[in-house]
Amino acid sequence: MIRITDKSRCSGCSACHAVCPHDAISMIPDELGFRYPQVDLGKCVECGLCEAVCSFAPCEEKSVPTAFAVRHKNDAEVKASTSGAVFAALSDYVLDCGGTAYGAGFGEHFRVMHKRAVNKAERDEFRKSKYVQSDMGDTFRLVKEDLKTGMPVLFTGTPCQTAGLRSFVPERHAGNLFLVDFVCHGVPSPAVWKAYVEDMGRYGHIEKADFRDKTVAGWKEHKESFTYADGSRRVRETFKVLFYKNIMLRSSCGSCTYDIRGRASDLVIADFWGV
């Protein structure tokens, strides 16, 4: 049975929740909105699957990876993305092959959550960085079901999320799974983001939230923006400042085991600052 006594040893990837055949594990948010597994002792049979699937351990170290500088040929694709639109190109290919794409989108009141897309219109919600730990829900189980039907699957998430999914999916189904993560500074608090959105809502009904709005000052600047129903827009740096000061990150981010040579993903994407 999985027991979290030290929050710095749990990334909240949700693999333990997904693997439990008795639905005995729920991912419960703490005071900062970070989710941790909670076991229903009445349902648990102590099969040990949750402990076996836990991926929060150093990955097998790989050789130093090859790096490429990539930018989408279509300027419209670049403008619609946070950086060079590599995710758009990769997901276009998988969707064109009849597959599915998973990434971070928005739920009610701009709650960041992982979603499934079967076409490019649905996929477009996953564009642009979202600087909050996403709620995985039953994403891992959905990915596994897609793979069992033979569909190619592209999953994009943090290094700990991709490691959790790699551990969860049986090797016999993993042939069509393509994992993409990114150079991660750490995951900010969902509760802080929720409070921030509520505070910005005092100016009116928010139609759009952008964690890094390229239209404000280009690619190299980092400012968040909120667009309202009346067409107005407010630009702020509050959330960005809190993010870079590392004062609202998940405890496990301070002891992350997924350095550049210890990742479970197939591809790591990041900005090429200065290029």
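**A hairpin, an open sheet and a pocket**

Strand 3 and strand 4 make a hairpin in which five residues separate the two strands, and H109, in the turn, has a positive phi of about 60°. The model is a predicted one, and the residue numbers used here start from 1 along the chain as its sequence is written.

The two arms of the hairpin are strand 3, residues 100-106, and strand 4, residues 112-117; they run antiparallel and are joined by six bridges. Within this pairing, A104 has H114 of strand 4 as its bridge partner. Strand 3 also pairs with strand 5 (residues 153-156), here in the parallel sense and over three bridges. In that pairing, A101 stands opposite L154 of strand 5. Strand 3 is mostly covered, with seven of its seven residues buried.

Further along the chain there is another sheet. This one is open and has three strands in the order 7-8-9, with antiparallel pairing. Its edge strands are strand 7 (206-210) and strand 9 (233-236), each of which pairs on one side only. From one strand to the next the twist averages 15°. Strand 8, residues 224-228, runs antiparallel to strand 9, and four bridges join the two. One residue pair can be named here: F226 has R234 in strand 9 as its bridge partner. Helix 8, residues 190-200, packs on the sheet and touches strand 7, strand 8 and strand 9; the direction of helix 8 makes about 45° with that of strand 8.

The loop between strand 8 and strand 9 contains A229. Is A229 buried or exposed? Its relative accessible area is 52%, and the cut-off for exposed is over 50%, so A229 counts as exposed. Leaving aside neighbours within four places in sequence, A229 is in contact with H205 and E207. A229 also lies 8.8 Å from K208, C-alpha to C-alpha, with the two residues 21 apart in sequence.

Q133 provides a contrasting environment to look at. Q133 sits in the loop between helix 5 (120-123) and helix 6 (139-148). With a relative accessible area of 7%, Q133 is buried, because buried means under 20%. Which residues does Q133 touch, not counting those up to four places away in sequence? They are S11, G12, F34, V112, V187, P188, P190 and R250. With R250 there is also a polar contact of 2.9 Å between the side chains. Among the other residues touched by Q133, V112 belongs to strand 4 of the hairpin, which covers residues 112-117, and P190 belongs to helix 8, which covers residues 190-200.

P190 leads on to the second largest pocket. The volume of this pocket is about 390 Å³. Its lining comprises 22 residues, and those nearest its centre are G33, R35, R111, D135 and P190. Strand 1 (25-29) and helix 8 each supply at least two residues of the lining. Which element gives the most to the lining of the second largest pocket? Helix 8 does, with four residues. Helix 8 therefore appears in two settings: this helix packs on the sheet of strands 7, 8 and 9, and this helix also contributes to the lining of the second largest pocket.

Note on methods. This is a predicted model: local features need pLDDT of at least 70, side-chain atom pairs count only at pLDDT 80 or more; totals for chains, interfaces and linings use all residues. Side-chain values use heavy atoms; hydrogens and water are left out. Buried means under 20% relative accessible area, exposed over 50%, partly exposed in between (1.4 Å probe, protein chains only). A polar contact is a pair of N or O atoms within 3.5 Å; within protein, one must be able to donate a hydrogen and the other to accept it, and residues adjacent in sequence count only if both atoms are side-chain atoms. Contact means heavy atoms within 4.5 Å. Two strands pair if DSSP finds at least two bridges between them. Axes are lines fitted to C-alpha atoms, for helices over the stretch in contact, and angles run from 0 to 180 degrees between N-to-C directions. On a 1 Å grid over the protein atoms alone, a cavity is a set of points where a 1.4 Å probe fits but cannot get out, and a pocket is an open set with protein on both sides within 12 Å along at least five of seven lines; lining residues have an atom within 4 Å of a point. Grid points are joined across faces, edges and corners, and a volume is the space filled by probe spheres set on the points.
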